[in-house]
Amino acid sequence: MDKSRYPMVEEVVSIGFNREIGKDTFLMGFPCVALTSRAKPGQFLMIQVDRQAKDPLLRRPFSIHGVLDSNRLMILYKVVGKGTALLSALREGDTISAIGPLGNGFTLPGPGERALLVAGGMGIAPLFFLTQVLTRAQNHSVKMFLGFPTSQDVVLIDQLKGLGVDLSLTTEDGSLGIKGLVTDLWDQTLSQESTQKPVTYACGPASMLKEIAQKAIARNLRCYVCLEGYMGCGLGICQGCAAKAAGSKDKPYYYVCQDGPVFSAEMIDWEVM
Amino acid sequence: MGALPELSVDIGGLKIKNPVIAASGTFGYGDELAPFYDPSLLGAIIVKGLSLRPMPGNPPPRIVETPCGLLNAIGLANIGIEAFVGEKLPSLATIKAPIITNIYGHTIEDYAEMARRIEGVKGIAAVEVNISCPNVEQGGMAFGRDPDSAARVADRVVENTTKPVIVKLTPNVTDIGLIAKAVEAAGAQSISVTNTFLGMAVDVATRRPKLANMVGGLSGPAIKPMALYLVHEVVKAVRIPVIGLGGIMDYHDALEFLLVGARAIQVGTANLVNPKAAIEIVNGLTDFCLREKIKDINEIIGALETKGEDHEKKGDRKDKSKANF
(Lines give C-alpha, C1' and ligand atoms only; values in the text may rest on other atoms or scores of the structure.)
Protein backbone atom coordinates (compact mmCIF):
# COMPACT_ATOMS: atom_id res chain seq x y z
CA MET A 1 0.00 0.00 0.00
CA ASP A 2 1.11 3.51 -0.75
CA LYS A 3 1.67 5.09 2.63
CA SER A 4 2.60 8.49 1.26
CA ARG A 5 -1.04 9.27 0.55
CA TYR A 6 -1.75 9.18 4.26
CA PRO A 7 -1.06 12.32 6.23
CA MET A 8 -0.64 10.71 9.65
CA VAL A 9 2.40 8.98 11.08
CA GLU A 10 3.36 7.30 14.34
CA GLU A 11 6.67 8.58 15.67
CA VAL A 12 8.65 7.85 18.80
CA VAL A 13 10.03 11.23 19.74
CA SER A 14 12.72 12.27 22.17
CA ILE A 15 11.71 15.11 24.46
CA GLY A 16 13.72 18.30 24.08
CA PHE A 17 12.21 20.18 27.01
CA ASN A 18 9.29 19.75 29.38
CA ARG A 19 8.91 22.61 31.81
CA GLU A 20 6.29 23.94 34.17
CA ILE A 21 5.39 27.41 32.92
CA GLY A 22 2.43 28.02 35.23
CA LYS A 23 0.38 26.37 37.93
CA ASP A 24 0.25 22.66 36.89
CA THR A 25 0.77 23.84 33.31
CA PHE A 26 3.57 22.36 31.23
CA LEU A 27 5.11 23.21 27.90
CA MET A 28 6.79 20.32 26.11
CA GLY A 29 8.85 20.47 22.94
CA PHE A 30 10.37 17.74 20.82
CA PRO A 31 12.06 17.50 17.45
CA CYS A 32 10.20 15.59 14.77
CA VAL A 33 10.44 16.59 11.13
CA ALA A 34 7.73 14.16 9.97
CA LEU A 35 5.14 15.62 12.33
CA THR A 36 6.25 19.24 12.09
CA SER A 37 6.22 19.34 8.31
CA ARG A 38 2.65 18.03 8.24
CA ALA A 39 1.16 20.01 11.14
CA LYS A 40 -1.52 22.66 10.74
CA PRO A 41 -3.04 24.82 13.50
CA GLY A 42 -6.02 23.10 15.10
CA GLN A 43 -4.69 19.60 14.53
CA PHE A 44 -3.75 17.29 17.37
CA LEU A 45 -1.56 14.36 18.39
CA MET A 46 -2.49 11.16 20.20
CA ILE A 47 0.24 10.63 22.77
CA GLN A 48 1.27 7.58 24.75
CA VAL A 49 3.87 7.84 27.48
CA ASP A 50 4.75 4.17 27.88
CA ARG A 51 4.02 1.65 25.16
CA GLN A 52 4.08 -1.29 27.56
CA ALA A 53 1.86 0.28 30.22
CA LYS A 54 -1.70 -0.94 30.61
CA ASP A 55 -2.76 1.77 33.00
CA PRO A 56 -3.35 4.39 31.77
CA LEU A 57 -4.42 2.40 28.76
CA LEU A 58 -5.52 4.83 26.08
CA ARG A 59 -3.57 7.49 24.27
CA ARG A 60 -4.69 11.03 25.02
CA PRO A 61 -5.20 13.84 22.53
CA PHE A 62 -3.10 17.02 22.71
CA SER A 63 -3.49 20.04 20.48
CA ILE A 64 -0.40 20.96 18.54
CA HIS A 65 0.60 24.10 20.39
CA GLY A 66 3.11 25.47 17.93
CA VAL A 67 6.30 24.95 16.02
CA LEU A 68 9.85 26.00 16.87
CA ASP A 69 12.26 26.42 13.96
CA SER A 70 10.98 24.09 11.29
CA ASN A 71 11.51 20.78 13.03
CA ARG A 72 10.25 21.02 16.59
CA LEU A 73 6.67 20.75 17.83
CA MET A 74 5.25 21.87 21.12
CA ILE A 75 2.31 20.73 23.23
CA LEU A 76 0.85 22.62 26.18
CA TYR A 77 -0.95 20.69 28.89
CA LYS A 78 -2.36 20.91 32.36
CA VAL A 79 -1.84 18.07 34.82
CA VAL A 80 -5.36 16.78 35.43
CA GLY A 81 -4.99 13.01 35.81
CA LYS A 82 -2.71 10.02 35.81
CA GLY A 83 -1.62 10.35 32.18
CA THR A 84 -0.71 14.02 32.34
CA ALA A 85 1.04 13.46 35.69
CA LEU A 86 3.24 10.82 34.03
CA LEU A 87 3.84 13.13 31.11
CA SER A 88 4.88 15.96 33.42
CA ALA A 89 7.50 13.75 35.08
CA LEU A 90 9.37 13.13 31.82
CA ARG A 91 12.76 14.71 31.29
CA GLU A 92 14.86 15.73 28.33
CA GLY A 93 15.80 12.64 26.34
CA ASP A 94 12.85 10.53 27.50
CA THR A 95 10.66 9.27 24.70
CA ILE A 96 6.94 9.27 23.98
CA SER A 97 4.93 7.88 21.08
CA ALA A 98 2.92 10.40 19.08
CA ILE A 99 0.44 9.74 16.28
CA GLY A 100 -0.45 12.70 14.12
CA PRO A 101 -1.14 15.15 12.86
CA LEU A 102 -4.82 14.29 13.28
CA GLY A 103 -8.01 16.18 12.60
CA ASN A 104 -8.87 18.93 10.16
CA GLY A 105 -7.31 22.11 11.55
CA PHE A 106 -8.55 25.69 11.28
CA THR A 107 -9.72 27.22 8.04
CA LEU A 108 -7.51 30.30 7.77
CA PRO A 109 -9.04 33.74 7.24
CA GLY A 110 -9.01 35.24 3.76
CA PRO A 111 -6.35 37.83 2.85
CA GLY A 112 -6.84 40.99 4.86
CA GLU A 113 -9.65 39.49 6.88
CA ARG A 114 -9.70 40.36 10.57
CA ALA A 115 -9.33 37.41 12.95
CA LEU A 116 -10.53 37.41 16.55
CA LEU A 117 -9.02 34.61 18.61
CA VAL A 118 -10.74 33.73 21.88
CA ALA A 119 -8.95 31.39 24.28
CA GLY A 120 -10.32 30.22 27.62
CA GLY A 121 -7.66 28.67 29.87
CA MET A 122 -5.97 25.75 28.13
CA GLY A 123 -7.89 26.74 25.01
CA ILE A 124 -4.76 28.74 24.25
CA ALA A 125 -3.06 25.45 23.28
CA PRO A 126 -4.17 25.31 19.59
CA LEU A 127 -4.72 29.06 19.24
CA PHE A 128 -1.05 29.80 19.92
CA PHE A 129 -0.15 27.83 16.80
CA LEU A 130 -2.82 29.70 14.84
CA THR A 131 -1.37 32.99 16.11
CA GLN A 132 2.09 31.90 14.96
CA VAL A 133 0.82 31.18 11.48
CA LEU A 134 -1.34 34.30 11.17
CA THR A 135 1.27 36.73 12.47
CA ARG A 136 3.92 35.17 10.24
CA ALA A 137 1.69 35.57 7.19
CA GLN A 138 1.43 39.31 8.03
CA ASN A 139 -1.64 39.92 5.92
CA HIS A 140 -4.22 39.50 8.66
CA SER A 141 -5.25 41.77 11.44
CA VAL A 142 -5.27 39.57 14.52
CA LYS A 143 -6.68 40.28 17.96
CA MET A 144 -6.56 37.77 20.77
CA PHE A 145 -8.72 37.53 23.87
CA LEU A 146 -7.20 35.38 26.55
CA GLY A 147 -9.06 34.46 29.72
CA PHE A 148 -8.00 32.60 32.86
CA PRO A 149 -9.64 32.06 36.26
CA THR A 150 -6.91 33.88 38.24
CA SER A 151 -3.48 35.46 37.75
CA GLN A 152 -1.92 32.19 38.97
CA ASP A 153 -3.21 30.40 35.89
CA VAL A 154 -1.95 32.96 33.38
CA VAL A 155 0.69 31.67 30.98
CA LEU A 156 2.35 32.60 27.69
CA ILE A 157 1.78 36.37 27.81
CA ASP A 158 5.39 37.18 26.87
CA GLN A 159 5.45 34.63 24.08
CA LEU A 160 2.23 35.97 22.60
CA LYS A 161 3.48 39.54 22.85
CA GLY A 162 6.64 38.34 21.14
CA LEU A 163 4.53 37.29 18.18
CA GLY A 164 3.25 40.85 17.98
CA VAL A 165 -0.40 40.00 18.50
CA ASP A 166 -2.86 42.56 19.87
CA LEU A 167 -3.69 40.90 23.19
CA SER A 168 -6.43 41.44 25.78
CA LEU A 169 -6.19 39.51 29.03
CA THR A 170 -9.02 38.80 31.44
CA THR A 171 -9.15 37.00 34.76
CA GLU A 172 -12.38 36.04 36.45
CA ASP A 173 -11.23 37.43 39.81
CA GLY A 174 -9.57 40.51 38.33
CA SER A 175 -6.16 39.61 39.79
CA LEU A 176 -4.54 40.35 36.41
CA GLY A 177 -5.77 42.12 33.30
CA ILE A 178 -9.41 43.02 32.96
CA LYS A 179 -11.83 41.52 35.47
CA GLY A 180 -14.50 39.38 33.88
CA LEU A 181 -15.10 36.78 31.25
CA VAL A 182 -13.25 36.65 27.98
CA THR A 183 -16.54 36.13 26.14
CA ASP A 184 -17.89 39.50 27.34
CA LEU A 185 -14.80 41.33 26.12
CA TRP A 186 -15.05 39.63 22.73
CA ASP A 187 -18.74 40.55 22.54
CA GLN A 188 -18.05 44.21 23.39
CA THR A 189 -15.36 44.37 20.74
CA LEU A 190 -17.75 43.00 18.14
CA SER A 191 -20.26 45.72 19.03
CA GLN A 192 -17.59 48.41 18.74
CA GLU A 193 -16.13 47.08 15.51
CA SER A 194 -19.35 46.89 13.58
CA THR A 195 -17.77 48.22 10.38
CA GLN A 196 -16.21 44.98 9.28
CA LYS A 197 -17.07 41.33 9.72
CA PRO A 198 -14.29 39.54 11.56
CA VAL A 199 -13.93 35.78 11.74
CA THR A 200 -13.75 34.29 15.24
CA TYR A 201 -11.61 31.33 16.32
CA ALA A 202 -12.40 29.96 19.76
CA CYS A 203 -11.12 27.23 22.04
CA GLY A 204 -11.88 26.68 25.70
CA PRO A 205 -14.47 25.20 28.04
CA ALA A 206 -17.73 23.95 26.45
CA SER A 207 -19.81 26.64 28.17
CA MET A 208 -17.58 29.36 26.70
CA LEU A 209 -17.70 27.88 23.22
CA LYS A 210 -21.46 27.57 23.41
CA GLU A 211 -21.87 31.26 24.23
CA ILE A 212 -19.47 32.38 21.52
CA ALA A 213 -20.96 30.09 18.90
CA GLN A 214 -24.53 31.13 19.61
CA LYS A 215 -23.65 34.85 19.60
CA ALA A 216 -21.63 34.54 16.41
CA ILE A 217 -24.48 32.71 14.72
CA ALA A 218 -26.93 35.40 15.91
CA ARG A 219 -24.65 38.12 14.51
CA ASN A 220 -24.22 36.17 11.29
CA LEU A 221 -20.44 36.06 11.73
CA ARG A 222 -18.11 33.27 10.71
CA CYS A 223 -16.89 31.40 13.75
CA TYR A 224 -14.75 28.31 14.19
CA VAL A 225 -14.59 26.39 17.44
CA CYS A 226 -12.01 23.81 18.40
CA LEU A 227 -13.77 21.10 20.44
CA GLU A 228 -12.45 18.70 22.99
CA GLY A 229 -13.80 15.15 22.83
CA TYR A 230 -13.32 12.08 24.99
CA MET A 231 -11.43 10.03 22.46
CA GLY A 232 -10.65 6.33 22.47
CA CYS A 233 -8.37 6.29 19.45
CA GLY A 234 -8.27 9.67 17.68
CA LEU A 235 -8.31 7.82 14.37
CA GLY A 236 -12.03 7.66 13.58
CA ILE A 237 -12.36 4.03 14.59
CA CYS A 238 -14.00 3.80 17.99
CA GLN A 239 -16.64 6.50 17.44
CA GLY A 240 -16.33 7.55 21.05
CA CYS A 241 -15.91 11.30 20.61
CA ALA A 242 -19.40 12.10 19.36
CA ALA A 243 -20.67 15.70 19.15
CA LYS A 244 -24.33 16.26 18.26
CA ALA A 245 -24.75 17.72 14.80
CA ALA A 246 -27.18 20.59 14.24
CA GLY A 247 -30.16 19.87 12.03
CA SER A 248 -28.77 17.13 9.86
CA LYS A 249 -30.73 13.91 9.92
CA ASP A 250 -28.27 11.85 7.86
CA LYS A 251 -25.42 12.66 10.18
CA PRO A 252 -26.73 12.78 13.75
CA TYR A 253 -23.29 12.99 15.29
CA TYR A 254 -19.93 14.30 14.22
CA TYR A 255 -16.78 12.67 15.49
CA VAL A 256 -14.42 15.23 17.01
CA CYS A 257 -11.31 13.35 15.92
CA GLN A 258 -12.32 12.84 12.31
CA ASP A 259 -14.82 15.57 11.41
CA GLY A 260 -13.12 18.10 13.73
CA PRO A 261 -11.73 19.05 16.14
CA VAL A 262 -12.47 22.39 14.42
CA PHE A 263 -16.11 22.96 13.52
CA SER A 264 -17.88 25.89 12.02
CA ALA A 265 -20.18 27.11 14.82
CA GLU A 266 -23.44 26.33 13.04
CA MET A 267 -22.49 22.67 12.54
CA ILE A 268 -22.96 21.80 16.22
CA ASP A 269 -26.18 21.40 18.20
CA TRP A 270 -25.32 23.77 21.05
CA GLU A 271 -28.51 23.09 22.99
CA VAL A 272 -27.15 19.75 24.17
CA MET A 273 -23.58 20.96 24.80
CA MET B 1 16.64 -19.74 10.45
CA GLY B 2 14.36 -22.45 9.13
CA ALA B 3 11.25 -22.23 7.00
CA LEU B 4 8.47 -19.95 8.20
CA PRO B 5 5.98 -21.71 10.49
CA GLU B 6 2.54 -22.62 9.23
CA LEU B 7 0.14 -20.14 10.82
CA SER B 8 -3.06 -20.90 8.94
CA VAL B 9 -6.08 -22.10 10.88
CA ASP B 10 -9.58 -23.23 10.03
CA ILE B 11 -12.27 -21.30 11.86
CA GLY B 12 -15.23 -23.34 10.68
CA GLY B 13 -15.65 -23.24 6.93
CA LEU B 14 -13.15 -20.44 6.58
CA LYS B 15 -9.42 -21.02 6.36
CA ILE B 16 -7.42 -17.94 7.33
CA LYS B 17 -3.69 -17.47 6.79
CA ASN B 18 -2.97 -16.67 10.42
CA PRO B 19 -5.07 -16.72 13.59
CA VAL B 20 -5.11 -12.95 14.14
CA ILE B 21 -8.40 -11.21 13.40
CA ALA B 22 -9.26 -7.54 13.85
CA ALA B 23 -12.28 -7.32 16.14
CA SER B 24 -15.48 -5.57 15.20
CA GLY B 25 -15.74 -1.95 16.27
CA THR B 26 -12.00 -1.47 16.63
CA PHE B 27 -10.98 -1.55 12.99
CA GLY B 28 -13.51 0.81 11.43
CA TYR B 29 -14.96 -0.30 8.14
CA GLY B 30 -11.73 -2.02 7.14
CA ASP B 31 -9.13 0.40 5.87
CA GLU B 32 -8.85 3.10 8.55
CA LEU B 33 -5.61 1.65 9.90
CA ALA B 34 -4.08 1.24 6.43
CA PRO B 35 -1.79 4.25 7.08
CA PHE B 36 0.04 2.09 9.60
CA TYR B 37 0.33 -1.27 7.83
CA ASP B 38 -1.20 -3.36 5.10
CA PRO B 39 -4.37 -4.93 6.58
CA SER B 40 -4.01 -7.74 4.01
CA LEU B 41 -1.43 -9.24 6.36
CA LEU B 42 -4.06 -10.09 8.99
CA GLY B 43 -5.91 -13.39 9.19
CA ALA B 44 -9.23 -11.62 8.74
CA ILE B 45 -10.94 -8.31 9.41
CA ILE B 46 -14.30 -7.99 11.13
CA VAL B 47 -15.82 -4.64 10.29
CA LYS B 48 -17.85 -2.35 12.53
CA GLY B 49 -21.19 -3.89 13.56
CA LEU B 50 -23.90 -3.27 11.00
CA SER B 51 -27.65 -3.09 11.30
CA LEU B 52 -30.42 -3.13 8.70
CA ARG B 53 -30.79 0.64 8.89
CA PRO B 54 -28.22 3.27 9.93
CA MET B 55 -27.95 3.82 13.68
CA PRO B 56 -27.00 7.16 15.25
CA GLY B 57 -25.40 5.66 18.35
CA ASN B 58 -25.67 6.91 21.92
CA PRO B 59 -25.25 10.49 23.13
CA PRO B 60 -21.81 11.39 24.54
CA PRO B 61 -19.96 10.70 26.75
CA ARG B 62 -19.70 7.32 25.07
CA ILE B 63 -16.42 6.13 26.51
CA VAL B 64 -14.50 6.36 29.75
CA GLU B 65 -11.21 4.85 30.74
CA THR B 66 -11.08 2.69 33.87
CA PRO B 67 -7.99 0.98 35.32
CA CYS B 68 -6.52 -1.16 32.50
CA GLY B 69 -9.84 -0.98 30.74
CA LEU B 70 -12.10 0.89 28.38
CA LEU B 71 -15.77 1.24 29.23
CA ASN B 72 -17.83 2.07 26.17
CA ALA B 73 -21.42 2.71 25.24
CA ILE B 74 -21.08 3.62 21.58
CA GLY B 75 -24.50 2.18 20.84
CA LEU B 76 -23.53 0.46 17.60
CA ALA B 77 -23.40 3.67 15.60
CA ASN B 78 -23.16 2.52 11.99
CA ILE B 79 -24.01 3.47 8.43
CA GLY B 80 -26.31 0.49 7.82
CA ILE B 81 -25.80 -2.58 5.67
CA GLU B 82 -26.81 -0.91 2.38
CA ALA B 83 -24.28 1.91 2.67
CA PHE B 84 -21.60 -0.54 3.76
CA VAL B 85 -22.12 -2.82 0.79
CA GLY B 86 -22.60 0.05 -1.66
CA GLU B 87 -20.03 2.57 -0.51
CA LYS B 88 -17.43 0.96 1.76
CA LEU B 89 -17.02 -2.59 0.51
CA PRO B 90 -15.83 -1.72 -3.03
CA SER B 91 -12.87 0.23 -1.61
CA LEU B 92 -11.87 -2.81 0.46
CA ALA B 93 -11.35 -4.93 -2.65
CA THR B 94 -7.59 -4.32 -2.52
CA ILE B 95 -7.40 -5.88 0.96
CA LYS B 96 -6.40 -9.51 0.60
CA ALA B 97 -7.57 -10.57 4.05
CA PRO B 98 -11.11 -11.98 4.30
CA ILE B 99 -13.66 -9.34 5.29
CA ILE B 100 -16.20 -10.54 7.85
CA THR B 101 -19.31 -8.49 8.53
CA ASN B 102 -20.62 -8.22 12.04
CA ILE B 103 -24.41 -7.93 12.12
CA TYR B 104 -26.98 -7.20 14.76
CA GLY B 105 -30.72 -6.76 14.73
CA HIS B 106 -33.56 -5.44 16.84
CA THR B 107 -35.65 -8.49 16.01
CA ILE B 108 -34.84 -12.03 15.00
CA GLU B 109 -36.28 -11.25 11.57
CA ASP B 110 -33.76 -8.37 11.24
CA TYR B 111 -30.94 -10.89 11.57
CA ALA B 112 -32.50 -13.11 8.92
CA GLU B 113 -32.92 -10.15 6.58
CA MET B 114 -29.30 -9.06 7.10
CA ALA B 115 -28.13 -12.59 6.28
CA ARG B 116 -30.19 -12.54 3.06
CA ARG B 117 -28.75 -9.17 2.02
CA ILE B 118 -25.20 -10.35 2.60
CA GLU B 119 -25.66 -13.74 0.98
CA GLY B 120 -25.00 -12.73 -2.62
CA VAL B 121 -22.37 -10.11 -1.84
CA LYS B 122 -18.93 -10.91 -3.17
CA GLY B 123 -16.17 -9.73 -0.90
CA ILE B 124 -17.83 -10.79 2.33
CA ALA B 125 -16.20 -14.01 3.53
CA ALA B 126 -18.26 -14.76 6.61
CA VAL B 127 -20.82 -13.32 9.02
CA GLU B 128 -20.30 -12.69 12.70
CA VAL B 129 -23.61 -12.50 14.52
CA ASN B 130 -23.62 -10.10 17.43
CA ILE B 131 -26.06 -11.26 20.09
CA SER B 132 -23.99 -9.66 22.77
CA CYS B 133 -23.87 -5.88 22.57
CA PRO B 134 -24.69 -4.42 25.98
CA ASN B 135 -25.27 -0.91 24.67
CA VAL B 136 -28.50 -0.96 22.75
CA GLU B 137 -31.94 -1.03 24.30
CA GLN B 138 -33.41 -3.65 22.04
CA GLY B 139 -31.74 -6.65 20.55
CA GLY B 140 -28.08 -7.28 20.95
CA MET B 141 -27.42 -8.86 24.28
CA ALA B 142 -31.11 -9.61 24.91
CA PHE B 143 -30.82 -12.49 22.42
CA GLY B 144 -27.51 -13.68 23.77
CA ARG B 145 -28.59 -14.22 27.35
CA ASP B 146 -31.08 -16.95 26.68
CA PRO B 147 -30.15 -20.26 24.99
CA ASP B 148 -33.44 -20.50 23.08
CA SER B 149 -33.37 -17.01 21.57
CA ALA B 150 -29.63 -17.30 20.88
CA ALA B 151 -30.32 -20.51 18.99
CA ARG B 152 -33.25 -18.95 17.11
CA VAL B 153 -31.08 -16.07 15.89
CA ALA B 154 -28.27 -18.44 14.85
CA ASP B 155 -30.75 -20.72 13.13
CA ARG B 156 -32.34 -17.90 11.10
CA VAL B 157 -28.96 -16.57 9.98
CA VAL B 158 -27.65 -20.01 9.03
CA GLU B 159 -30.88 -20.66 7.13
CA ASN B 160 -30.41 -17.53 5.03
CA THR B 161 -26.77 -17.64 4.08
CA THR B 162 -24.27 -20.12 2.75
CA LYS B 163 -21.42 -18.06 4.22
CA PRO B 164 -19.80 -19.33 7.41
CA VAL B 165 -21.64 -18.07 10.49
CA ILE B 166 -19.77 -17.05 13.62
CA VAL B 167 -21.85 -16.24 16.70
CA LYS B 168 -20.38 -13.74 19.14
CA LEU B 169 -21.39 -14.41 22.73
CA THR B 170 -21.84 -12.16 25.71
CA PRO B 171 -20.00 -12.89 28.96
CA ASN B 172 -22.92 -11.50 30.93
CA VAL B 173 -24.59 -14.86 31.53
CA THR B 174 -24.53 -17.50 34.25
CA ASP B 175 -23.58 -20.42 32.03
CA ILE B 176 -21.88 -19.53 28.77
CA GLY B 177 -21.43 -23.21 27.88
CA LEU B 178 -25.20 -23.59 27.66
CA ILE B 179 -25.53 -20.72 25.19
CA ALA B 180 -22.57 -22.03 23.18
CA LYS B 181 -24.13 -25.48 22.89
CA ALA B 182 -27.42 -23.95 21.78
CA VAL B 183 -25.87 -21.95 18.92
CA GLU B 184 -23.74 -24.93 17.90
CA ALA B 185 -26.87 -27.07 17.67
CA ALA B 186 -28.50 -24.32 15.60
CA GLY B 187 -25.76 -24.71 13.00
CA ALA B 188 -23.24 -21.95 13.77
CA GLN B 189 -19.81 -22.84 12.33
CA SER B 190 -17.84 -21.08 15.05
CA ILE B 191 -18.19 -18.99 18.18
CA SER B 192 -16.48 -15.76 19.27
CA VAL B 193 -15.89 -15.45 23.00
CA THR B 194 -16.29 -12.82 24.37
CA ASN B 195 -17.93 -9.44 23.90
CA THR B 196 -17.60 -6.80 26.63
CA PHE B 197 -18.52 -7.17 30.29
CA LEU B 198 -21.24 -4.89 31.65
CA GLY B 199 -19.82 -2.12 33.76
CA MET B 200 -20.33 1.33 35.24
CA ALA B 201 -18.26 4.29 36.34
CA VAL B 202 -19.50 7.16 38.49
CA ASP B 203 -18.28 10.74 38.79
CA VAL B 204 -18.29 11.30 42.53
CA ALA B 205 -18.19 15.10 42.25
CA THR B 206 -21.35 15.30 40.15
CA ARG B 207 -22.86 12.01 41.40
CA ARG B 208 -23.61 11.16 37.80
CA PRO B 209 -22.69 8.08 35.76
CA LYS B 210 -19.68 8.85 33.59
CA LEU B 211 -21.41 7.40 30.53
CA ALA B 212 -24.53 9.07 29.17
CA ASN B 213 -25.91 5.58 28.65
CA MET B 214 -25.30 4.91 32.37
CA VAL B 215 -23.90 1.43 31.73
CA GLY B 216 -21.37 0.27 29.19
CA GLY B 217 -19.23 -2.64 28.12
CA LEU B 218 -15.76 -3.13 29.57
CA SER B 219 -12.88 -4.21 27.36
CA GLY B 220 -9.09 -4.14 27.52
CA PRO B 221 -6.50 -5.90 29.69
CA ALA B 222 -8.80 -5.65 32.73
CA ILE B 223 -11.04 -8.41 31.33
CA LYS B 224 -8.41 -10.76 29.96
CA PRO B 225 -8.39 -13.36 32.77
CA MET B 226 -12.19 -13.54 32.74
CA ALA B 227 -12.34 -13.80 28.95
CA LEU B 228 -9.71 -16.52 28.99
CA TYR B 229 -11.76 -18.48 31.50
CA LEU B 230 -14.89 -18.16 29.35
CA VAL B 231 -12.99 -19.34 26.26
CA HIS B 232 -11.86 -22.34 28.28
CA GLU B 233 -15.49 -23.03 29.28
CA VAL B 234 -16.79 -22.78 25.71
CA VAL B 235 -13.96 -24.91 24.30
CA LYS B 236 -15.02 -27.63 26.73
CA ALA B 237 -18.69 -27.27 25.80
CA VAL B 238 -18.61 -27.38 21.99
CA ARG B 239 -16.85 -29.07 19.08
CA ILE B 240 -16.94 -26.15 16.65
CA PRO B 241 -13.99 -23.73 16.57
CA VAL B 242 -13.85 -20.99 19.19
CA ILE B 243 -12.37 -17.57 18.46
CA GLY B 244 -11.02 -15.97 21.61
CA LEU B 245 -10.98 -12.30 22.46
CA GLY B 246 -10.92 -10.02 25.46
CA GLY B 247 -8.01 -7.79 26.40
CA ILE B 248 -5.42 -9.26 24.03
CA MET B 249 -2.66 -6.67 23.76
CA ASP B 250 0.32 -8.66 22.48
CA TYR B 251 1.35 -12.04 21.08
CA HIS B 252 1.88 -13.41 24.57
CA ASP B 253 -1.76 -12.74 25.43
CA ALA B 254 -2.72 -14.33 22.11
CA LEU B 255 -0.77 -17.48 22.99
CA GLU B 256 -2.68 -17.82 26.26
CA PHE B 257 -5.96 -17.94 24.34
CA LEU B 258 -4.58 -20.39 21.77
CA LEU B 259 -3.28 -22.65 24.54
CA VAL B 260 -6.69 -22.89 26.20
CA GLY B 261 -8.10 -23.92 22.83
CA ALA B 262 -9.08 -20.86 20.84
CA ARG B 263 -8.59 -21.63 17.13
CA ALA B 264 -8.00 -17.97 16.41
CA ILE B 265 -8.00 -14.72 18.34
CA GLN B 266 -9.36 -11.23 17.84
CA VAL B 267 -7.56 -8.01 18.64
CA GLY B 268 -9.89 -5.23 19.75
CA THR B 269 -9.11 -2.44 22.20
CA ALA B 270 -5.38 -2.85 21.50
CA ASN B 271 -5.95 -1.45 17.98
CA LEU B 272 -7.13 1.81 19.50
CA VAL B 273 -4.03 2.21 21.63
CA ASN B 274 -1.47 0.86 19.22
CA PRO B 275 -2.63 0.95 15.60
CA LYS B 276 -0.04 -1.71 14.76
CA ALA B 277 -1.06 -4.07 17.59
CA ALA B 278 -2.63 -6.74 15.36
CA ILE B 279 0.25 -6.97 12.90
CA GLU B 280 2.73 -7.00 15.78
CA ILE B 281 0.86 -10.01 17.16
CA VAL B 282 1.13 -11.81 13.79
CA ASN B 283 4.86 -11.12 13.75
CA GLY B 284 5.22 -12.06 17.42
CA LEU B 285 3.53 -15.42 16.83
CA THR B 286 5.78 -16.10 13.84
CA ASP B 287 8.90 -15.32 15.85
CA PHE B 288 7.67 -17.39 18.77
CA CYS B 289 7.11 -20.43 16.56
CA LEU B 290 10.56 -20.02 15.01
CA ARG B 291 12.22 -19.74 18.41
CA GLU B 292 10.28 -22.67 19.86
CA LYS B 293 10.72 -24.73 16.68
CA ILE B 294 6.97 -25.04 16.25
CA LYS B 295 6.24 -25.89 12.64
CA ASP B 296 2.50 -25.35 12.77
CA ILE B 297 0.54 -23.01 15.06
CA ASN B 298 -2.10 -25.73 15.41
CA GLU B 299 0.39 -27.54 17.69
CA ILE B 300 -0.21 -24.77 20.23
CA ILE B 301 -3.99 -24.70 20.01
CA GLY B 302 -5.49 -26.43 23.02
CA ALA B 303 -2.03 -27.53 24.19
CA LEU B 304 -2.69 -26.40 27.75
CA GLU B 305 -0.95 -28.73 30.16
CA THR B 306 -3.10 -29.49 33.15
CA LYS B 307 -1.78 -32.65 34.73
CA GLY B 308 0.99 -35.09 35.17
CA GLU B 309 4.23 -33.18 35.32
CA ASP B 310 6.30 -32.92 38.45
CA HIS B 311 7.31 -29.58 39.87
CA GLU B 312 10.90 -29.80 38.80
CA LYS B 313 9.97 -30.34 35.20
CA LYS B 314 7.41 -27.54 35.36
CA GLY B 315 10.07 -25.28 36.76
CA ASP B 316 12.35 -26.04 33.83
CA ARG B 317 9.63 -25.20 31.39
CA LYS B 318 8.83 -21.98 33.17
CA ASP B 319 12.44 -20.85 33.04
CA LYS B 320 12.65 -21.79 29.42
CA SER B 321 9.58 -19.81 28.49
CA LYS B 322 10.70 -16.83 30.51
CA ALA B 323 13.89 -16.73 28.51
CA ASN B 324 12.09 -16.98 25.25
CA PHE B 325 8.95 -14.95 25.58
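How many residue pairs are in polar contact across the interface of chain B and chain A? I will get to that after the setup. This is a predicted model, in which local features need pLDDT of at least 70 and side-chain atom pairs count only at pLDDT 80 or more, while totals for chains, interfaces and linings use all residues. Residues are numbered from 1 along each chain as its sequence is written, chains are lettered from A and ligands numbered from 1 in the order in which they are written, and side-chain values use heavy atoms, with hydrogens and water left out.

Now the answer. The rule finds 9 such pairs between chain B and chain A, both residues at pLDDT 80 or more; a polar contact is a pair of N or O atoms within 3.5 Å, where within protein one must be able to donate a hydrogen and the other to accept it, and residues adjacent in sequence count only if both atoms are side-chain atoms. On the chain B side, the elements giving two or more residues are strand S5 (63–66), strand S6 (69–72) and helix H8 (269–273). Helices (H or I, at least four residues) and strands (E, at least two) are DSSP runs, numbered from the N terminus.

In total, 42 residues of chain B are in contact with 29 residues of chain A, contact meaning heavy atoms within 4.5 Å. The two chains bury about 3,000 Å² between them, with 63% of it on carbon and sulfur atoms. In chain B, B:Glu65, B:Leu272 and B:Val273 lose the most area to chain A, together 21% of what that side buries. Buried area here is the accessible area (1.4 Å probe) that two parts lose on being put together, summed over both.

The count of salt bridges between the chains is 3, the criterion being a side-chain nitrogen of Lys or Arg within 4 Å of a carboxyl oxygen of Asp or Glu. A:Arg51 and B:Glu280 form a salt bridge at 3.0 Å, N to O.

Next, the inside of chain A. The domain assignment, automatic or from a database, gives domain 1 (3–101) and domain 2 (114–226). Their C-alpha centres lie 24 Å apart. Between them, 17 residues of domain 1 are in contact with 15 of domain 2, and the buried area is about 1,400 Å², of which carbon and sulfur atoms give 69%. A:Lys23, A:Pro41 and A:His65 supply 35% of the area that domain 1 buries against domain 2, more than any other three residues.

The domains share 1 salt bridge. A:Lys78 and A:Asp153 meet in a salt bridge at 3.5 Å, N to O.
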